[in-house]
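Work through the exercises below with the sequence and the model open side by side. Each task is followed by its solution.

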Amino acid sequence: MRAFILLIAAASLASAQQAFEAVSIKPHPDPVYVSRSSTSGTYATWEAGTLRDLITEAWNLKYYQVPDRPSWIASAHFDISARSPDAAEPSKEAFRQMLQTMLADRFHLRVHFEPKEIPVYALVIANSGHKLKPPDRNSRIAGTSAGSGKIEITASHDTLLKLADQLSNSAGRPVLDKTGLNGVFALQLQFNPSTTTESDLPSLPTALQDQLGLRLEPQNAPIETIVIDSAERATPN
């Protein structure tokens, strides 16, 4: 993967389609109990959001693709409200462009992307062979449920690329599909995501092996990550 530079400047991005019409940013008072974001029509709000949260949303990234340096980008919390210029709700791409413009304008954010070698897991077929089932064309089941000591992933026809992406949240590092299996499958996976919470369910590695005939293999791989060239705390308004 070749490195490429994205110099984000408000002057180059600001247009009626790419900039919020109105933005309010205020520091979130301590203590921080919860961080959440929501969109409704042309309005978007972030409660106790960090710059790192906003970057992941603006470029549709995972947290492992965004550094936590300088340290304040993950520890300084802001309450933000923004309004889109048009009457209709913006598309996802238009919303991300407006968010990138806001970050450049209010946080003076400049970034570029580079591949970085980091620890990952390769999702591969177990030595005993996979246990995946053919897709159920008559069903539209797809979802993830979580509780104390339990995560369940169920799908009637899903790709292993999507499964790998879902497992990244529980595995503690990116999971890349290296099974070589194309197409869609029906699957159900239940496991205990915690090493400290008691549960009747097995750990993720054991569940993958026993229930799907797959396993996680530790590797290093180049992952496209964002590099923060400059950033400043937003001036409240």
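How many bridges join β4 to β5, and do they run parallel or antiparallel? Five bridges join the two strands, and β4 and β5 run antiparallel. Strands here are DSSP runs of E with at least two residues, helices are runs of H or I with at least four, and both are numbered from the N terminus. Two strands count as paired if DSSP finds at least two bridges between them.

**Conventions**

This is a predicted model, in which local features need pLDDT of at least 70 and side-chain atom pairs count only at pLDDT 80 or more, while totals for chains, interfaces and linings use all residues. Residues are numbered from 1 along each chain as its sequence is written, and side-chain values use heavy atoms, with hydrogens and water left out.

**Exercise 1. Assess the confidence of the model.**

Step 1. pLDDT is the predictor's confidence in each residue, from 0 to 100. The protein chain averages 89, and 93% of the residues score at least 70.

Step 2. Over residues 1–17, pLDDT stays under 50. For this stretch the model has 37 contacts beyond four places in sequence, where contact means heavy atoms within 4.5 Å.

**Exercise 2. Lay out the sheet that contains β4 and β5.**

Step 1. The order is β2-β5-β4-β3, an open sheet of four strands with antiparallel pairing. β2 (22–27) and β3 stand at the edges with a single partner strand each, so one side of each has no neighbour in the sheet. From one strand to the next the twist averages 5°; axes are lines fitted to C-alpha atoms, for helices over the stretch in contact, and angles run from 0 to 180 degrees between N-to-C directions.

Step 2. Take the pair β3 (residues 36–40) and β4: five bridges, antiparallel. Arg36 has Glu47 as its bridge partner in β4, Ser37 has Trp46, and Thr39 has Ala44.

Step 3. Follow Ala44 onward: its bridge partner in β5 is Ala82.

Step 4. Inspect the turn. β3 and β4 form a hairpin with two residues between them, and Gly41 in the turn has a positive phi of about 65°.

**Exercise 3. Place helix α2 relative to this sheet and explain its burial.**

Step 1. α2 lies across β3, β4 and β5, and runs at about 140° to β4.

Step 2. Buried means under 20% relative accessible area, exposed over 50%, and partly exposed in between (1.4 Å probe, protein chains only). Seven of the eight residues of α2 (residues 51–58) are buried, so the helix is largely enclosed by the rest of the structure. The buried residues are Leu51, Arg52, Asp53, Leu54, Ile55, Thr56 and Ala58.

Step 3. Their cover includes β4 (43–49), α3 (72–75), β5 (78–83), α4 (92–106) and β11 (214–230). Just after α2, Asn60 takes a positive phi of about 55°.

**Exercise 4. Describe the three-stranded sheet.**

Step 1. The sheet is open, with order β7-β8-β10 and antiparallel pairing. β7 (142–147) and β10 (185–191) are the edge strands, each pairing on one side only. The twist averages 5° from one strand to the next.

Step 2. β8 (residues 150–158) and β10 pair in the antiparallel sense over six bridges. Thr154 has Gln188 as its bridge partner in β10.

**Exercise 5. Check the length of α5 and list its buried residues.**

Step 1. The expected span is 1.5 Å times one less than the number of residues. For the 12 residues of α5 (residues 160–171) this gives 16 Å, and the end C-alpha atoms are 15 Å apart, which agrees.

Step 2. Leu160, Leu163, Ala164, Gln166, Leu167, Ser168 and Ala171 are buried in α5. Gly172, just after α5, has a positive phi of about 85°.

**Exercise 6. Decide how the buried residues of α6 are distributed.**

Step 1. In α6 (residues 204–212), the buried residues are Leu204, Ala207, Leu208 and Leu212. They lie on the same side of α6 because they cover an arc of only 100° around the axis, the arc being that of the directions from the helix axis to the C-beta atoms.

Step 2. Elements covering them include β6, α5, β10 and β11.

**Exercise 7. Characterise the surroundings of Val124.**

Step 1. Val124 lies in β6 (residues 110–125) and is buried, with a relative accessible area of 12%.

Step 2. Leaving aside neighbours within four places in sequence, Val124 is in contact with Lys178, Thr179, Leu214, Arg215 and Glu217. Val124 and Glu217 are 93 residues apart in sequence, and their C-alpha atoms are 7.0 Å apart in space.
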